[in-house]
Every structure is written in structure tokens, then in C-alpha cells.
There are 2 protein chains.
Amino acid sequence: MTAGLTAGLTAPPPLPAGGLRVVALGGLGEIGRNMAVLEFAGRLLVVDCGVLFPEVHQPGVDLVLPDFSVIEHRLDDVEAVVLTHGHEDHIGAVPYLLRLRPDIPLVGSRFTLALVAAKLREHRIEPVLVEVAAGDHHAAGPFDTEFVCVNHSIPDALAVAVHTPAGTLVHTGDFKMDQLPLDGALTDLGAFARLGEAGIDLLLSDSTNAEVPGFVTSERSIGPVLDAVFAGARQRLVVSSFASHVHRIQQVLDSAARHGRRVALVGRSMVRNMGVAQELGLLHVPAGLLVPVEEATALPAHQVVLVSTGSQGEPLSALGRMAAGTHAQVTIQPGDTVVLASSLVPGNETAVYKVINGLARLGATVVHKETARVHVSGHAPAGELRLLLQVARPRHLMPVHGEWRHLRAHAAIAAEVGLRPDQVLLAEDGVVVDLVDGVASVVGAVPIGDVFVDGATVGAVGEETLTARQILGDDGFVAITVVVEPGTGTVVAPVHLTARGFADDPAVFAPAVELVEEALRRTLADGPVDSHRLAQVVRRTVGTWVATTHRRRPMIVPTVLEV
Amino acid sequence: MTAGLTAGLTAPPPLPAGGLRVVALGGLGEIGRNMAVLEFAGRLLVVDCGVLFPEVHQPGVDLVLPDFSVIEHRLDDVEAVVLTHGHEDHIGAVPYLLRLRPDIPLVGSRFTLALVAAKLREHRIEPVLVEVAAGDHHAAGPFDTEFVCVNHSIPDALAVAVHTPAGTLVHTGDFKMDQLPLDGALTDLGAFARLGEAGIDLLLSDSTNAEVPGFVTSERSIGPVLDAVFAGARQRLVVSSFASHVHRIQQVLDSAARHGRRVALVGRSMVRNMGVAQELGLLHVPAGLLVPVEEATALPAHQVVLVSTGSQGEPLSALGRMAAGTHAQVTIQPGDTVVLASSLVPGNETAVYKVINGLARLGATVVHKETARVHVSGHAPAGELRLLLQVARPRHLMPVHGEWRHLRAHAAIAAEVGLRPDQVLLAEDGVVVDLVDGVASVVGAVPIGDVFVDGATVGAVGEETLTARQILGDDGFVAITVVVEPGTGTVVAPVHLTARGFADDPAVFAPAVELVEEALRRTLADGPVDSHRLAQVVRRTVGTWVATTHRRRPMIVPTVLEV
């Protein structure tokens with residue numbers, strides 16, 4: 001528990017023979033791009049391979065990937081990628097990993113593999129799939145993997161125990177302990193107890209809700225709330241949720257059936273995922289309930305529920321367009337009811353409130369988690385994390401899946417149930433933990449960067465580009481072009497200034513052009529000057545003018561062309 | 001309650017003789033830049049004049065002002081600006097209004113005027129101040145203003161009743177109904193009842209917490225929670241709060257005194273405001289408790305509390321620097337305790353969590369409103385709004401101070417207590433409400449824009465500049481300069497390409513330069529071409545290349561120079 005953890009760490013020593021190494025390429029110190037790499041006897045096992053959605057200070061970026069550079073040169077050593085469940089922050093980066101080596105086996109439950117396969121088809125990759133179920137063992141090289149049922153906000157989620165001669169590591173994946181899950185798939189505490197009895201040397205456990213006291217409310221509690229909203233709605237209903245939350249959608253369908261409303265699915269991922277869920281028997285759709293959206297919009301308003309994407313305020317999603325009044329098929333009318341039956345993922349608050357306000361402005365009644373109990377979290381809060389530790393009794397805990405505040409809170413829970421500080425491994429991305437002779441400890445760190453997907457490119461956008469975008473986005477740029485005679489530097493054309501993102505009125509720059517011309521005259525008065533020096537003069541002149549006159553710092557781009 | 005309210009409204013008709021007009025220049029449909037303009041018999045009265053903090057889609061902007069253009073040509077008609085309390089969203093734009101006419105009288109309570117005077121000193125403006133207290137009347141032209149004590153998260157807050165021959169308008173300002181306020185200053189329900197008895201024709205009432213059920217918890221409840229945190233802290237304590245929240249800071253000082261800790265104030269606005277509060281007798285500081293920060297950092301860690309700004313995650317604030325490890329005087333040590341005793345203003349979530357995570361990474365225990373009851377809101381929730389309506393019994397309600405979701409929720413509360421839809425005036429900025437013959441109604445709307453303060457400029461940055469910043473911030477720019485012979489368009493120098501914010505590696509642009517050269521050759525093959533056409537060719541060539549090769553949309557800036 002040292003401060004500035006990674007900063008003080010150096011490259012790790014070679015893994016001792018018989019030892020098990022763990023390094024997270026993502027998911028520690030952030031919520032997203034979960035990926036843990038296990039190493040034993042020269043072979044690698046990957047657990048999850050997800051994406052992170054970019055933050056405000058990463059403008060223009062579409063996705064952030066785990067930094068594969070740590071294993072890029074060792075892809076042939078990878079025995080398999082185990083996928084604990086089908087959320088984007090666990091499977092979203094699989095296509096980018098398989099681009100590097102397409103035949104890495106993907107091990108997961110039926111629904112998880114169906115979702116990742118659909119994603120890979122869009123990337124034209126034909127994966128090697130190994131389907132497993134709770135209770136199964138699968139040997140991946142020297143890693144004997146064993147799967148345990150866990151309950152989460154998506155069906156068919158698994159924890160994985162990895163047995164090696166070095167000891168047993170258990171990774172919970174994402175989990176909570178809903179005691180009355182809709183599909184009866186409980187988090188298998190018996191299995192965790194049995195694994196604990198045999199000895200768990202290192203437990204990697206979900207930290208997302210470690211700051212939240214107590215136990216989760218059952219997903220089942222949402223049903224009656226939805227029913228009450230449905231009973232009160234006189235006109236059209238729109239319910240938005242995550243497109244992978246099969247049980248939430250199931251409850252919406254059930255409420256719709258009870259209240260004599262037809263349902264239309266709106267949004268590409270909603271239609272695709274619910275199709276997969278229905279095919280696999282995970283979503284039960286009463287005959288005749290689902291109708292295409294064109295048909296739904298033609299029905300009387302009180303006979304319709306639209307189930308849509310966009311619960312995180314994505315402006316281009318179905319709900320985002322409805323709120324902006326730009327959806328091609330759906331127009332929100334005063335008196336409509338919109339339910340956001342979803343979490344509010346940190347970072348999305350502004351976007352979500354913008355959608356809520358847009359809908360409210362159009363006259364809709366908006367029901368969201370702050371005004372009604374229309375959401376329960378998918379992650380175990382403190383009470384359940386404590387319970388898991390007491391049942392599994394691991395020798396070491398490595399909190400995963402969390403920002404620093406969550407990892408620290410999880411460590412505090414571990415302390416409460418009796419783990420000593422040396423038994424709790426607080427790590428961030430890149431920190432290397434070795435399990436040797438039954439003792440797990442931090443042995444070093446490898447450098448981890450951010451790999452950005454931006455348009456069609458992966459990795460082309462780096463820190464330099466992002467820094468430039470921040471400057472440009474805050475203050476724009478002023479570009480000044482000077483055409484000079486080669487050799488002498490004599491200016492042979494009027495100084496040309498272009499600015500964007502600085503001020504609406506171009507007249508504001510007239511004094512700057514004059515100042516540049518004057519500065520160039522002074523500089524050239526004593527004889528020939530090279531282009532590099534002229535560019536410096538231009539930059540300094542414009543920079544000083546902008547700073548003193550406008551107290552601003554746009555990017556200044558001088559160009560001296562020799563003609 | 002029509003949809004797309006302002007869109008359907010046209011310019012208002014002239015105000016009928018004997019009528020009272022109300023138009024909000026800010027604060028409706030947003031939290032911030034509160035400013036209402038009242039008109040009677042050709043004279044104007046302004047209530048509040050605050051700033052709005054910019055949103056993510058307004059990059060680089062420092063502040064957003066109310067759009068004064070509606071009254072700019074009538075500044076001589078303004079009798080006074082009534083300031084209900086001293087928060088930035090109520091007084092922050094006063095300097096910009098007084099720049100236009102410095103002698104507009106400012107009417108407010110002693111603390112409010114002290115804060116606005118301090119602000120005006122920084123702008124070198126000497127204001128005309130009219131101090132009032134609860135119970136006072138002040139005649140501002142035809143407006144007989146009467147002040148009512150309200151309780152809020154800053155001392156000395158007032159509601160204002162405006163009596164005119166057209167009827168009585170009451171503006172609550174920001175308020176809640178803490179039943180046990182630290183200073184005993186209750187929201188004066190008796191006064192509201194008396195005003196109601198005499199007849200309130202139009203009530204403008206704070207909507208911020210209209211979505212929140214029930215009643216506020218007393219500010220006093222924070223004390224014991226702080227005490228418990230103080231009792232458990234073994235090392236240094238840092239408590240962050242709003243720099244105007246005198247009662248919160250008072251409780252921190254009291255806890256510090258009880259636990260034998262000295263207090264240092266950190267952050268410019270904290271030092272300034274608490275100095276004012278202490279001078280006015282609003283903050284009670286035990287002798288010897290306060291020490292300068294240099295002295296505090298030299299004391300043993302367990303004898304110190306630092307009270308700092310930065311509760312909203314501002315990166316350059318005292319706490320922001322501590323979290324980033326860049327504060328000149330304060331270094332966070334593992335085991336320190338940091339308390340964010342403040343709200344989390346919507347829009348600031350990402351910044352605040354970044355600060356919390358930074359502190360957690362350094363080893364601090366961070367206590368915030370999601371983990372302990374260290375904050376209560378300053379705004380009346382639904383139960384209190386209902387109570388006020390039942391006590392004041394206004395003939396009409398105009399919900400103010402809220403985003404659309406809040407205004408709608410307030411309207412729903414009004415409906416619960418029996419106001420008919422035509423008695424509730426849902427308006428957004430610019431919507432004009434006239435009170436004529438005892439009936440208030442929406443009569444039209446005036447255009448309201450966003451006025452941005454950006455560096456030293458006010459109003460120079462408009463929508464065009466912001467759109468450019470968004471494009472530049474997301475995808476950067478590609479600037480291409482072509483030097484040609486006047487008249488013929490013959491290219492006389494190599495095509496020059498500069499790009500920023502697009503890709504780290506400049507080599508990526510080599511194919512684009514070749515394509516431009518090729519396109520220019522083709523265009524010029526049939527004879528002379530003018531510069532405008534050449535610029536079009538360059539733009540289209542680069543645009544197509546970027547879209548197809550990179551699936552991106554940077555700003556493309558072609559320049560054709562004739563030499």
C-alpha cells in the first residue's frame with residue numbers, strides 16, 4: 001500500500017520456476033478494458049479483453065484498448081482467452097487482439113460466445129470458440145480452468161478458477177449476489193467455499209461497488225416499479241436500458257404483456273442482442289408481443305412500449321435522437337412517459353441529463369433511477385464482498401475492476417475480515433504480481449500505455465495528438481504563412497493569416513498581421529535570415545499579441561515557404 | 001405546457017398599461033446565470049445577475065453570461081438590481097452588467113453586498129450599494145420591494161416580494177427550510193403566509209430539488225459526522241467545501257477545536273470569503289485556531305486541518321493540486337484523510353472522481369457524500385416546495401432556477417396542491433410572461449443567446465468558433481498551402497501540408513500530398529484556373545482521402561497564395 005505505486009517500481013525480475021505471474025493490462029485504476037494476463041511455465045492465459053470508453057481529456061477517441069505490447073511478442077505463448085461474460089468492457093477488445101493472432105481460442109459461456117461471435121463477424125474474423133458452463137473444467141496448456149456460476153447484470157456470467165502447480169487463482173469476473181435472480185442462476189457460494197477449502201492462493205475480485213454499503217436489491221424488485229409506471233402511463237411508453245441486460249428487458253416485456261401493450265425494439269444493438277438472447281432461450285417473448293417499430297408507431301399510443309438503446313445519453317442512439325427531436329420514426333409527444341431503467345455510468349452524467357432535459361422539454365414524464373427504483377446495480381456492494389472473502393478465505397486478495405477509490409475501499413473491506421496488509425495486493429495496470437511458494441507479492445511493473453481506436457486507425461493517435469486536440473479544442477489555432485525568397489529570406493508576398501476556433505470576427509486579427517509584417521521587417525533589416533529563424537519571429541510575435549491582448553493560448557502555427 | 005416552448009412563440013406584444021412583465025435572461029432550463037427582468041410602467045427591476053459555468057460542448061469558455069442584449073438599449077430604465085444572495089450563479093455577472101452602466105444600484109443583504117463588492121474591486125468598479133435586511137421595504141422606482149428571510153447554503157439569503165399596482169410578485173431566490181439552522185435564520189413562513197393573505201399574483205420559486213422527495217436534513221446533522229471522521233483520523237485532515245458555505249466551515253472549525261487541531265485556510269476564495277464572514281460576525285473563530293498554511297504544514301500531522309477549495313474537482317484548485325501531487329505546500333501522505341463536504345454539481349462528476357481517485361492513489365482515505373453524510377443540499381426538495389405553495393397560496397407559479405427536468409417536476413408539485421395548468425407558467429430563458437388584470441400568461445418570447453467570457457474577451461466567441469473548436473478538438477486539422485502564379489494558377493512551389501491533432505506520425509500524410517499534387521496537375525491540364533477553384537480541389541481531395549483512409553473528419557484548411 002505504498003503511494004505512487006507504479007512510479008517506484010522497476011521492471012520485474014524473471015518469473016521464478018514454478019511461480020505464477022499476474023499482470024493486468026487494464027481494469028485496475030479504471031472501470032473498463034479489463035484484461036489480466038497469467039503466466040506459468042512460459043505459457044500465458046488471458047482473462048477478459050475489454051474496451052474502455054474514452055474520457056473528456058481524450059477527445060475524438062472512439063475506444064481505448066488494453067496495451068497489448070506487453071504480450072505482442074509472445075502471442076504464440078497464449079493458450080486461450082477466457083471471457084467471464086459478454087459486456088463490452090470484457091469482450092470489446094477481442095477483435096483487436098485476434099487481428100494479431102486470429103486462432104487464439106476463446107473460452108466462455110454460450111451467451112458470451114454468441115455475443116463475441118456476432119462482434120467478430122462485423123470484423124470478418126472467424127474465431128476458435130470453446131464453450132464452457134458452470135462446473136466445467138477446461139485445460140488450456142498448463143492452466144486447469146474451472147468455471148463457477150456468478151450472478152451479474154447479463155446472463156451466463158462465470159467466475160474462473162485457474163489451477164496451476166504454483167497454486168490456485170480465482171477471478172470472480174463481475175458479480176453480485178442477487179438472492180432471487182430471474183433465471184435462478186445464483187452466485188455459487190458453495191463452489192467458492194469448496195475452492196476455499198482446497199485453498200485459494202490469490203483471489204481477484206470485482207471492486208466496482210466496494211464503496212457502497214450493504215447488499216444488492218434483487219433485480220426482481222424492478223418489476224413492480226415498472227408495473228406501477230406502466231399502470232400510470234396514458235400515452236406512449238419508452239423504456240431505455242443496456243442492450244445486453246436480458247433480465248431487465250424481460251421484465252419490461254412482462255409488464256407490457258400485463259398492460260396490453262405491444263413492444264418494439266429500437267436501436268441496432270438492442271435488436272441484435274435480444275435476437276441472440278431469444279434464440280438461446282434466455283429471453284422469453286410471448287407470441288405476438290414484439291412488433292417492428294414501423295408497426296408500433298402506427299398503433300394507438302397507449303398500446304405501445306418502445307424498448308430502446310441510449311440509456312447512457314449517447315447523442316446518436318435511439319433515445320438521444322428522440323430527445324433531440326431528430327429520430328426518423330419516433331416523435332415524443334407531451335404526456336409520453338420515458339423510463340431510463342439503467343445505471344448512470346460515471347462520466348456520462350452530463351450526456352444523460354441532457355437527454356432527460358430534452359425529453360422533459362418536449363413534455364415527456366421522465367422516470368429515472370433518481371426518481372424511482374428502476375435500476376439495481378450489477379456489482380456486489382461491500383456486504384457481499386465481505387461475504388465472499390469470508391466464504392472463499394483466500395490467502396491473498398488483489399482487488400480488480402475499479403478506480404483507485406474502489407480498490408482502496410475493497411482493501412479496507414479485506415482488512416475488516418482479517419487479511420493483513422501484506423495479503424492485499426493493491427495494483428494498477430502494469431503492476432506485476434508473482435505467486436511463488438504460496439506467497440503473492442508485487443515484484444515490479446511493466447509500462448502500460450493507452451492504445452486509442454480512432455476512426456479506422458489503432459494506435460496512430462498518441463499523447464502528442466491528444467495534447468494538440470486539447471489546445472485546439474480550447475482555444476483554436478492561428479496559422480501564419482510567410483512566403484520568402486530562398487537564401488535571403490526576403491518576404492515576397494503579403495503575410496497570410498488563417499485562424500479557426502479563436503473568434504467569430506476575422507477583423508480581430510488585423511493588428512496581428514501588421515505586427516508580424518513589422519517584426520519581419522525589423523528582423524530582415526540587417527541582412528539575410530533563414531526560414532527557421534523567421535518562423536520563430538512569427539511565432540513569438542503572434543504568441544505575445546494573443547497573450548497580452550486576449551489572454552488566450554491558441555496553437556500558433558507559423559509556416560515559412562521558400563519560393 | 002406546450003412542447004418546444006420557445007420555438008412556437010413570437011415577439012411579445014407591447015406590455016398593456018398597468019401590466020407587469022417578467023422575462024428571465026437566464027436560469028430557466030439551466031442551473032446558473034440567474035437573472036429575471038421585471039417591467040412596470042416603462043421601468044425595469046432586475047433580480048439577480050449570475051454566471052453559468054460552461055458545459056463540455058463549450059470548450060475553452062471561462063463563463064457564460066446572461067444575454068444582456070434584451071435590456072442593453074434600456075439600461076437607463078433599470079431602477080436597481082436586487083441580489084437575493086451571494087452565490088456566483090446569482091452575483092457573478094454583476095461586473096459585466098455594471099461595465100455597461102456602473103451606477104445601477106445593487107440592493108441586497110450585508111453579506112451579499114460584501115461579496116459582490118469584493119468581486120467588483122477586482123474589476124475596478126465602485127458600485128452603488130443599498131443594504132437591506134429581512135423585513136425591510138425599499139422603493140426602486142415604481143417597484144416596492146420587500147425582503148423576506150430565507151434559509152440557504154450561504155448566510156444572509158433573502159426572498160423578495162415586489163409590489164406594483166399590477167399586483168405582487170414574489171421571488172424566493174434560493175431557499176430551503178432547515179428547521180434548525182446554525183444561525184437561527186429560518187425561512188420566514190409567517191411572512192410568506194402574510195404575503196399570501198394579501199395576495200401573491202405570481203410566485204417565482206426555486207426548482208433545483210423538485211425531483212427530490214421529502215424534506216432537507218438539517219445542516220446541523222453534518223457536525224456529528226465530521227466529529228466521527230475527526231475522531232478516527234490519525235494523520236492530517238483536509239476538508240474541502242464551497243468557499244461561501246460559512247456554516248459548513250463553521251462546523252469544521254468547531255470539530256477542529258474539539259479535537260485539538262489547528263486550522264489553515266487554503267485557496268484564495270476561501271481565505272477572502274471567510275475573512276469577510278468573520279468581519280461581519282457570521283463566522284466565529286476561537287482565538288488561536290487559525291494559522292497560516294506555512295505554519296500548519298510545519299505542525300505534526302495529527303494537529304492540523306486544512307480547509308480548502310476544490311470540492312468540485314477544479315484541477316487548478318488547492319485540492320486539485322494536492323490530488324495531482326503538484327501543490328507547492330501540501331503533500332498528501334498515505335494515511336491522510338480528505339473530506340469532500342460538498343455537493344457534486346452536475347457536470348463536475350468526472351473531475352471530482354478524478355480528484356478522489358488521485359487522492360486514493362496517494363494513499364489518502366477519502367470521505368465524500370456517497371460514503372458518508374458530509375453534505376446536505378441548499379435547496380428545498382418536493383415536500384418543502386409543496387409546503388411553500390400551501391402557505392403562500394399564489395395565484396400563479398412560475399418555476400425558476402432549474403433544468404427542464406426540475407421545472408417539470410415543480411409543475412407536477414403545483415398540480416398536486418391544486419393549481420390548474422393555466423396557473424403554472426413553464427418558461428425557459430427569453431419567454432415573456434405578462435401579469436395583466438391579475439392573470440399571468442405567456443405572451444411571447446425574445447431571442448436569448450449565450451454570451452461567453454473567454455480570456456479577456458466578452459462575446460467575441462460565438463457559435464461559429466465553438467463549432468470549430470469541437471471539430472478541432474475531436475479530430476484536429478489538416479492545412480494545405482499551395483503557392484501559385486497569379487492569373488494562371490500554375491503551382492510554383494511544393495505543396496505544403498501541416499496537420500495537428502490528427503496523428504502522431506507525420507509520415508501518414510505523404511500520400512495526401514501526392515494526391516493533392518496529382519489533382520492540381522489534372523485541374524490545371526486544361527488551362528488557367530482561379531485560386532478559389534484550386535482551394536476547392538485541395539479541400540475535396542484531402543477530405544475524401546481522410547474519410548476513406550482514416551474514417552475521420554478533421555478540419556481541412558486549404559490556402560492558395562498567389563505570388
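Chain A of this predicted model comes to 16 helices and 25 strands. Its C-alpha trace spans about 90 × 70 × 45 Å along the principal axes. Of the 563 residues in chain A, 59% are buried. The fold also ties together distant parts of the sequence: among contacts in chain A with a separation of 6 or more, 72% are accounted for by residues 24 or more positions apart. As for what is left on the outside, chain A exposes about 21100 Å², and carbon and sulfur atoms supply 54% of that area.

Next comes the way the two chains sit together. Two copies of a chain are related by a rotation about an axis and a shift along it. Here, chain A lands on chain B after a rotation of 180° with 0.1 Å of shift along the axis, and the RMSD of the superposition is 0.1 Å. That makes the relation one of a two-fold axis. Within chain A, A:Gly473 has the C-alpha nearest the axis, at 1.9 Å from it. Both copies use the same surface, with 100% of the contact residues of chain A recurring in chain B.

One helix pair gives a closer look at how the chains meet. Two packed helices are described by the angle between their axes and the distance between the axes. Helix α13 of chain A (residues 404-416) packs against helix α11 of chain B (residues 349-361) at an angle of about 45°, and the two axes lie 7 Å apart. Angles from 35 to 65 degrees fall outside the parallel and perpendicular classes, so α13(A) and α11(B) are oblique to each other. On the α13(A) side, the contact is made by A:Trp404, A:Arg405 and A:Arg408, while α11(B) brings B:Tyr353, B:Ile356, B:Asn357, B:Ala360 and B:Arg361. By character, the residues of this contact divide into four nonpolar, one polar and three charged.

Not every arginine worth a look belongs to that helix pair. In chain B, B:Arg261 is found in the loop between α7 (246-258) and β14 (262-266). Is B:Arg261 buried or exposed? Its relative accessibility is 3%, and the cut-off for buried is under 20%, so B:Arg261 counts as buried despite being a charged residue. Another residue of the chain, B:Leu385, is 124 residues from B:Arg261 in sequence, and the C-alpha atoms of the two are 40 Å apart in space.

Note on methods:
Residues numbered from 1 in each chain as written. Chains lettered and ligands numbered in written order. Predicted model: local features only at pLDDT ≥ 70, side-chain atom pairs only at ≥ 80, totals over all residues. Heavy atoms only, no water. Axes fitted to C-alpha atoms, helices over the stretch in contact; angles between N-to-C directions. Helix = DSSP H or I, 4+ residues; strand = E, 2+ residues; numbered from the N terminus. Parallel < 35°, antiparallel > 145°, perpendicular 65-115°, else oblique. Contact = heavy atoms within 4.5 Å. Least-squares fit on C-alpha atoms with pLDDT ≥ 70 in both. Buried < 20%, exposed > 50% of the residue type's maximum accessible area, 1.4 Å probe, protein only. Areas by Shrake-Rupley, 256 points an atom, 1.4 Å probe, with all protein chains shown as cover.
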